[in-house]
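Here's a quick walk through a structure you may not have seen before. Have a look at it first, and then we'll pick through some of its residues together.

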Amino acid sequence: MDDLVLTGTLALIAFFAVIIVGVLAVLFFLSWLWSAAVAGNYSSILLSLLAIIVAGCAYTGAGYYLQAKGWI
């Protein structure tokens, strides 16, 4: 029973650590985006938005592929 409690506690610590790192990454990205906009560096803003769109398209395409194969 002690192993189960230890495993659950470690899983919760890892879960909240991932949430905290994710929130900090989003805040860092928004801070970088704001400073680039203030500096007038719009090419890096457009490239980052393009990277987000490409990642979203790849994610959607992978989902359609997996659904067509019947794996999900």
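In this predicted model, the side chain of serine 35 reaches the backbone oxygen of tryptophan 32, at 2.9 Å. Serine 35 belongs to helix α1. Is serine 35 buried or exposed? Neither, really: serine 35 counts as partly exposed, because its relative accessibility is 40% and buried would mean under 20%, exposed over 50%.

Serine 48 does something along those lines in helix α2. Its side chain reaches the backbone oxygen of isoleucine 45 at 2.8 Å. Serine 48 is buried, though, since its relative accessibility comes to 10%, and the cut-off for buried is under 20%. Setting aside neighbours within four places in sequence, serine 48 is in contact with Phe29, Trp32 and Leu33.

Now for serine 44, which also sits in helix α2, residues 42-69. Serine 44 has a relative accessible area of 15%, so it is buried. Not counting residues up to four places away in sequence, serine 44 touches Trp32 and Ala36. So Trp32 turns up again: it is on the contact list of serine 48 too.

Which residues of α2 are buried? They are Ser44, Ile45 and Ser48, and the buried residues of α2 pack against α1. A bit of helix geometry is handy here: an α-helix has 3.6 residues a turn, so residues three or four places apart point the same way.

Let's check how the two helices run from end to end, taking 1.5 Å a residue.

| Helix | Residues | Expected span | End C-alpha distance |
|---|---|---|---|
| α1 (residues 2-39) | 38 residues | 56 Å | 55 Å |
| α2 | 28 residues | 40 Å | 40 Å |

For α1, the end C-alpha distance agrees with the expected span, and for α2 it agrees as well.

What comes right after each helix? Just after α1, glycine 40 takes a positive phi of about 85 degrees. Just after α2, glycine 70 takes a positive phi of about 85 degrees.

Last stop: the surface. Leu12, Phe15, Phe16, Ile19, Ile20, Val23, Leu24 and Leu27 make a nonpolar surface patch of about 780 Å². Take valine 23, one of the patch residues, as an example. Valine 23 lies in helix α1. With a relative accessible area of 45%, valine 23 is partly exposed, because that value falls between the cut-offs of 20% and 50%.

Key
Residues numbered from 1 in each chain as written. Predicted model: local features only at pLDDT ≥ 70, side-chain atom pairs only at ≥ 80, totals over all residues. Heavy atoms only, no water. Helix = DSSP H or I, 4+ residues; strand = E, 2+ residues; numbered from the N terminus. Buried < 20%, exposed > 50% of the residue type's maximum accessible area, 1.4 Å probe, protein only. Contact = heavy atoms within 4.5 Å. Expected span 1.5 Å × (residues − 1). Patch = residues over 30% accessible without salt bridge, like charges linked within 9 Å, V, L, I, M, F, W, Y side chains within 5 Å. Areas by Shrake-Rupley, 256 points an atom, 1.4 Å probe, with all protein chains shown as cover. Salt bridge = Lys/Arg side-chain N within 4 Å of Asp/Glu carboxyl O. Polar contact = N/O pair within 3.5 Å; in protein donor to acceptor, adjacent residues only side chain to side chain.
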